[in-house]
Amino acid sequence: MRALKIAVVAGLLCTTFCALGWRTLNAAQTANAATAHAAPVTTDAPTFYRDVLPILEAHCQECHRAGGIAPMAFETYEQTRDFAAAIRIATANKTMPPWFAEPGVGKFSNDPSLSAGQIATLAAWASSQAPAGDSRDAPAPRVWADKWTIPEPDLVLKMPQPVRLPANGDIDYTYEIVPTHFTEGRWVQMAEVLPARRANVHHAVVYVRPPESQWLRHAPVGVPFTAESLTDPAERAAAMWTDSDILLVYAPGSSADMWPATMAKYIPAGSDLVFQMHYTANGTASEDETSVGLRFSKQPPPQRVLTLQLTNDHFVIPPGAPNYRVEARGTLPNEATLLSFFPHMHLRGKEFEYNLIHHASAGGAAGNGGEPPRIETLLRVHYHFHWQMSYRLATPMRLPAGTELQAVAWFDNSRDNPHNPDPEAAVRWGEQTYDEMMVGFFDVAVDARTDKQSFFVRH
Ligand code: HEC
């Protein structure tokens with residue numbers, strides 16, 4: 001079974017707010033119609049075509065399909081039958097479909113969790129020899145655009161030159177600048193990153209570099225490079241630091257970005273996309289050529305999506321600490337509609353929380369001796385390093401200017417953490433997975449005329 005790897009999302013190391021992408025788990029459709037033809041069953045046992053396939057289409061095939069991230073497809077009866085018992089177990093113990101938000105805290109539109117009734121149906125099907133049933137009962141197959149989860153992209157931008165990956169050792173963050181050649185600004189309603197070598201891609205962040213940005217201006221275009229290879233020392237140091245907006249982030253387990261028709265990400269005319277790739281060696285030398293697929297809005301939307309972040313990069317996790325707390329806070333300079341969250345940590349990540357801080361007194365944030373602030377938890381994630389997921393609010397939240405947001409992370413640097421590469425180490429912020437990160441990405445919708453820089457100007 002292919003193990004998923006941790007993703008490392010770096011890039012914007014702001015101590016308060018910055019930016020990044022938002023993904024959804026909902027998309028999807030598939031090609032292979034069910035083709036089995038067992039005798040119709042007349043008992044009350046659930047059948048594959050009538051009862052099981054609709055659940056698989058809605059909750060599983062996004063990953064369990066040809067070209068999906070799961071090691072096996074559940075598109076046909078033949079593919080699924082032998083996994084009946086495994087499906088019963090994985091759904092009963094809730095390891096599948098993957099979802100890590102604490103139940104009862106917040107409601108998320110991309111929550112793929114099964115209802116108790118659906119879990120019981122899968123269990124009853126597995127216990128009655130997994131009957132096929134009548135293929136005429138099958139739901140319409142979900143249709144997928146090749147390897148894309150989004151519908152057929154309007155435009156695919158691919159790294160012009162492949163990146164050579166060694167068989168072993170740490171690989172420094174690798175950048176490739178891809179010109180869009182857009183002669184006018186484009187609104188992106190859906191975007192998806194498609195690595196050629198999924199097994200090697202820990203994460204990819206695709207930044208939008210507008211023409212006036214000086215970020216990596218002297219770096220080569222259309223060829224892979226690392227910060228180390230840059231000759232200008234100032235530029236080398238600045239590679240990881242940018243205020244450019246992020247188009248989207250890819251990590252194992254994450255999915256495409258799909259916004260409602262009223263909102264989109266914006267790519268100004270003449271922008272380049274900057275791919276920041278964190279690859280990991282997996283024992284075999286190979287090459288990757290990652291693409292990004294874009295679907296443009298039919299008309300300019302009233303709202304623009306910005307990706308911001310709450311980050312703390314100043315922590316030191318003591319050796320052996322089982323539950324080390326790190327927090328970051330920020331105050332929204334302007335009103336915004338909160339859409340989704342994407343927490344990011346590495347191997348020692350344990351829990352991650354997003355909170356609103358309501359100050360009791362009208363005096364606001366100042367600690368003026370009044371009542372303690374009330375904390376409203378919006379999301380609590382029991383973090384699993386194999387999975388980097390976004391959590392999209394079922395009901396977007398209107399946040400007034402001055403709203404205080406808090407992200408809290410807990411790390412397990414003890415021996416009891418089976419993923420811990422070194423419980424003896426004091427752990428700090430860093431690129432590689434044996435270092436740590438604490439980033440609470442979140443997406444907001446703002447007025448379409450607002451960009452990231454103007455959003456941070458307080459009025
Ligand atoms: C977001 C992607 C995703 C979704 C959605 C998903 N799976 Fe999986 N599934 C995987 C991956 C990847 C694996 C491989 C094991 C791993 O890395 O955890 C897997 C493994 C499995 C396994 C093997 C046993 C195990 O627990 O590892 C079963 C059974 C399974 N999935 C069933 C399902 C069912 C049933 C659904 C829907 C109700 C589902 N999965 C939804 C990605 C997914």
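Me: What makes β10 a strand that is largely enclosed by the rest of the structure?

Reply: In this predicted model, 7 of the 8 residues of β10 are buried, and therefore the strand is largely enclosed by the rest of the structure. The cut-off behind the word "buried" is 20 or more other C-beta atoms within 10 Å of the residue's own.

Me: How do you know that β10 pairs with β3 and with β5 in the antiparallel sense?

Reply: Strand β3, residues 174-179, and strand β10, residues 272-279, pair in the antiparallel sense over 6 bridges, while β5, residues 201-209, and β10 do so over 8 bridges. At least two bridges are required for two strands to count as paired, so both pairings, with 6 bridges and 8 bridges, satisfy that condition. Individual partners can be named as well: T174 stands opposite M277, E176 has F275 as its bridge partner, and Y207 has V274.

Me: Why are β6 and β7 called the edge strands?

Reply: The open sheet has 5 strands in the order β6-β3-β10-β5-β7, with antiparallel pairing. Strands β6 (225-226) and β7 (245-250) each pair on one side only, and they are the edge strands.

Me: Why is P153 called buried or exposed?

Reply: P153, which is placed in the loop between α4 (116-127) and β1 (155-158), has 21 other C-beta atoms within 10 Å. Since the cut-off for a buried residue is 20 or more, P153 is buried. Leaving aside residues up to four places away in sequence, P153 touches W148, G293, L294 and R295; of P153 and L294 it can be added that they are 141 residues apart in sequence and 5.2 Å apart in space, C-alpha to C-alpha.

Me: Why does V457 count as buried or exposed?

Reply: V457 is found in the segment after α6 (452-455), and it has 9 C-beta neighbours inside 10 Å. A residue with 12 or fewer is exposed, and V457 therefore counts as exposed. Its C-alpha atom is separated by 7.9 Å from that of N334, and the two residues are 123 apart along the chain.

Me: What makes the backbone at K94 and H181 worth a remark?

Reply: Most residues other than glycine have a negative phi. K94 has a positive phi of about 65° although it is not a glycine, and H181, likewise not a glycine, has a positive phi of about 60°. K94 is in the loop between α3 and α4, whereas H181 lies in the loop between β3 and β4 (186-194). With 13 C-beta neighbours inside 10 Å, K94 counts as partly exposed, because it falls between the limits of 12 or fewer for exposed and 20 or more for buried; H181, with 10 other C-beta atoms within 10 Å, is exposed.

Me: What is the peptide bond that joins M96 and P97, cis or trans?

Reply: The bond is cis, with omega about -10°, and P97 is placed in the loop between α3 and α4. M96 and P97 are also among the residues that come nearest to the ligand, together with C60, C63 and A70, out of the 24 residues around it.

Me: How do you know that residues 1-42 call for caution?

Reply: Over residues 1-42 the pLDDT stays under 50, although the mean for the chain is 86 and 89% of its residues reach 70 or more. Where pLDDT is low, the predicted coordinates should not be read in detail.

Notes
Residues numbered from 1 in each chain as written. Predicted model: local features only at pLDDT ≥ 70, side-chain atom pairs only at ≥ 80, totals over all residues. pLDDT = per-residue confidence, 0-100. Contact = placed C-beta atoms within 7 Å. Helix = DSSP H or I, 4+ residues; strand = E, 2+ residues; numbered from the N terminus. Near = placed C-beta within 6 Å.
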